[in-house]
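This report covers the fold first, then the sheets, then a group of aromatic rings. Please keep the structure open while reading.

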Amino acid sequence: MNPSSEPGGGRSSYLSFMLAGEEYAVGLLRVREIIEYRPVTRVPGMPAAVQGVINLRGSVVPVVDLAVKFGLPPRPITRWSCFVIVEVALDGQQTVLGLLTDTVREVLELGPADIEPPPAFGTRVRLEFLRGMGRHNDAFILLLDLDRLLSLEELLKLTAASEEAPPPAPSQAPAAPPAPEAPGNG
């Protein structure tokens with residue numbers, strides 16, 4: 001059963017939001033709340049896609065910028081920027097994370113006939129991070145699979161990718177100084 005399914009109806013509820021000009025959606029039952037943007041405390045050593053943490057009623061909540069995770073540059077914060085607070089299964093435990101979005105759009109009701117398989121090309125999101133594409137008002141909305149997108153494995157990949165490059169290999173060691181020139185007939 002889809003985690004956002006309504007009992008008996010076969011339709012699912014999704015929260016849609018904008019990110020760098022594209023519309024995405026997540027299962028509504030995974031969303032705990034939507035809060036307006038507030039300053040993020042940067043944590044040293046975190047990958048660029050993990051903006052840092054916020055204090056949410058005494059709890060530390062990591063904030064992920066999905067646009068940066070998708071390989072886009074950070075976007076400016078506007079009056080519409082907000083955090084979508086979601087629950088994901090991280091290493092077998094329910095964990096609360098914040099998703100930085102450009103703006104929240106609406107709650108959508110989609111049935112099985114409204115959802116197409118993800119396209120093989122043409123999206124910024126890797127296919128394994130998509131549940132499908134929702135058809136709504138003559139447009140398609142990318143439906144994200146939060147458990148795969150924000151898995152511990154994916155977050156560790158982000159951390160590894162953001163670490164500094166390793167020191168040069170021994171084959172790249174500086175060359176020996178040139179030998180002094182032999183006195184010649186010059």
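Two strands pair if DSSP finds at least two bridges between them. Helices (H or I, at least four residues) and strands (E, at least two) are DSSP runs, numbered from the N terminus. With that, strand 10 and strand 11 run antiparallel and are joined by six bridges.

This is a predicted model, in which local features need pLDDT of at least 70, side-chain atom pairs count only at pLDDT 80 or more, and totals for chains, interfaces and linings use all residues. Residues are numbered from 1 along each chain as its sequence is written, and side-chain values use heavy atoms, with hydrogens and water left out.

**Overall fold**

The protein chain has 11 strands and three helices. From the N terminus, the order of elements is β-β-β-β-β-α-β-β-β-β-β-β-α-α. The chain has 186 residues, and 38% of them count as buried. Buried means under 20% relative accessible area, exposed over 50%, and partly exposed in between (1.4 Å probe, protein chains only). The accessible surface is about 11100 Å², with 56% of it belonging to carbon and sulfur atoms. These areas come from the Shrake-Rupley method with a 1.4 Å probe; for residues, only the protein chains shown count as cover. Contact means heavy atoms within 4.5 Å. Among contacts between residues at least 6 apart in sequence, 54% join residues at least 24 apart.

**The six-stranded sheet**

Six strands form an open sheet with mixed pairing, in the order 8-1-2-11-10-9. Strand 8 (103–110) and strand 9 (115–116) are the edges; each has a single partner strand, so one side of each lacks a neighbour in the sheet. Strand 10 and strand 11 form a hairpin with two residues between them. Asn 137, in that turn, has a positive phi of about 50 degrees. The pairings below belong to strands of this sheet.

| Strands | Sense | Bridges | Example partners |
|---|---|---|---|
| Strand 2 and strand 11 | parallel | two bridges | Tyr 24 and Leu 142 |
| Strand 9 and strand 10 | antiparallel | two bridges | Glu 116 and Met 133 |
| Strand 10 and strand 11 | antiparallel | six bridges | Arg 135 and Phe 140 |

**The five-stranded sheet**

A further open sheet holds five strands in the order 3-6-7-5-4, again with mixed pairing. Its edges are strand 3 (31–36) and strand 4 (50–56); each has a single partner strand, so one side of each is left without a neighbour. Strand 3 pairs with strand 6 (residues 82–90) in the antiparallel sense, over five bridges. Val 31 has Val 86 of strand 6 as its bridge partner.

**The aromatic cluster**

Rings of Phe, Tyr and Trp (its six-membered ring) pair if their centres lie within 6.5 Å; planes under 30 degrees apart count as stacked, over 60 as edge-to-face and the rest as tilted. The structure holds three aromatic pairs. Phe 17 and Tyr 24 have ring centres 6.3 Å apart and planes at 25 degrees, so this pair is stacked. Phe 17 is buried, at 0% relative accessibility. Tyr 24 is also at 0% and buried. Tyr 24 and Phe 70 have ring centres 5.6 Å apart and planes at 35 degrees, so this pair is tilted. The tilted pair links distant parts of the chain, 46 residues apart: Tyr 24 lies in strand 2 (residues 22–27), and Phe 70 in the loop between helix 1 (66–69) and strand 6. Phe 70 is buried, as is Tyr 24. Ring pairs thus link Phe 17, Tyr 24 and Phe 70 into a cluster.
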